[in-house]
Amino acid sequence: MDISITPREQQLVLDTFARIEHNFHDVISDMLVDFLTEYPGAKQIFSWAKPELTGQQHKGLEGFEHHVVEIGKSFATAMGGIDQIDTQKQTLFKLGALHNRKNVQYHYYTAMGSCLVANVRRAYGPGWTEEMTGAWNRAYDVITYFMLERFWTGGFSDRMDDGE
């Protein structure tokens, strides 16, 4: 699998992230609402999620807000530093190990990526291009690759919490 991201793609991600960073919390909140709405089976991943609630109804729950903050930090760090992805590998390995312990299924990674890009696009507004969509999709793929690399290679274990 090619895990590279071109300098042009990196710059597009950095530029678009800079434009939406001021309301990134809202982007992530809307992304999580969309994710829970479009993939209700994913509610099992989150201890705070309630099967009977819609994605939107989760918004007021404490666990939801906490998760938005945590996801937001992770994405802000990863996307805001996409041009230095090599420095983030250990953090991404650890994040992948955490998701592995929670039995997050692969298709939820791709679903979350779709929800992320759709909400970044919405927040960016007029002027968004398909090239930007491609750059964000590629950046998400690279980040996901490093989160899942050890899963694919059989490197996860019960002691995988330290990323080694």
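This is a short tour of a predicted model, going from the whole chain to its largest pocket and then to two helices.

**Whole chain**

Start with everything shown as a cartoon. The protein has six helices and zero strands, so coloring by secondary structure gives the pattern α-α-α-α-α-α along the sequence. Switch to a surface next. The accessible surface of the protein comes to about 8700 Å², and carbon and sulfur atoms account for 50% of that area. Of the 164 residues, 45% count as buried. If you display contacts between residues at least 6 apart in sequence, 71% of them join residues at least 24 apart.

**The largest pocket**

Select H67, I71, S74, L95 and H99 and center the view on them. Among the 28 residues that line the largest pocket, these five lie nearest its centre. The volume of this pocket is about 660 Å³.

Now add helix 3 (62-80), helix 4 (89-101), helix 5 (106-124) and helix 6 (130-152) to the selection; these are the elements that each give two or more residues to the lining. Which element gives the largest share of the lining? Helix 3 does, with eight residues. Color the lining by residue class to see 17 nonpolar, eight polar and three charged residues.

**Helix 5**

Keep helix 5, which is one of the contributors to the pocket lining, and hide the others. Helix 5 has 19 residues, and a distance drawn from its first C-alpha to its last reads 28 Å, close to the 27 Å expected at 1.5 Å a residue. Show side chains for Y108, Y109, A111, M112, G113, C115, L116, V117, N119, V120 and Y124, which are buried. Then step just past the end of the helix to G125, where phi is positive at about 80 degrees.

**Helix 2**

Move to residues 24-38, which form helix 2. This helix has 15 residues, and its span from first C-alpha to last is 21 Å, close to the expected 21 Å at 1.5 Å a residue. Which residues of helix 2 are buried? Select F24, V27, I28, S29, M31, L32, V33, D34, F35 and L36. The list includes D34 and S29 alongside residues such as F24 and L32.

To see what lies over these buried residues, bring back helix 1 (7-20), helix 3 and helix 5, which are included in their cover. Two of these have already appeared on the tour: helix 3 and helix 5 also give residues to the lining of the largest pocket.

How values were computed:
Residues numbered from 1 in each chain as written. Predicted model: local features only at pLDDT ≥ 70, side-chain atom pairs only at ≥ 80, totals over all residues. Heavy atoms only, no water. Helix = DSSP H or I, 4+ residues; strand = E, 2+ residues; numbered from the N terminus. Buried < 20%, exposed > 50% of the residue type's maximum accessible area, 1.4 Å probe, protein only. Contact = heavy atoms within 4.5 Å. Areas by Shrake-Rupley, 256 points an atom, 1.4 Å probe, with all protein chains shown as cover. 1 Å grid on protein atoms, 1.4 Å probe; cavity = no way out; pocket = protein on both sides within 12 Å on 5 of 7 lines; lining within 4 Å. Points joined across faces, edges and corners; volume = space filled by probe spheres on them. Nonpolar A, V, L, I, M, F, W, Y, C, P; charged D, E, K, R; others polar. Expected span 1.5 Å × (residues − 1).
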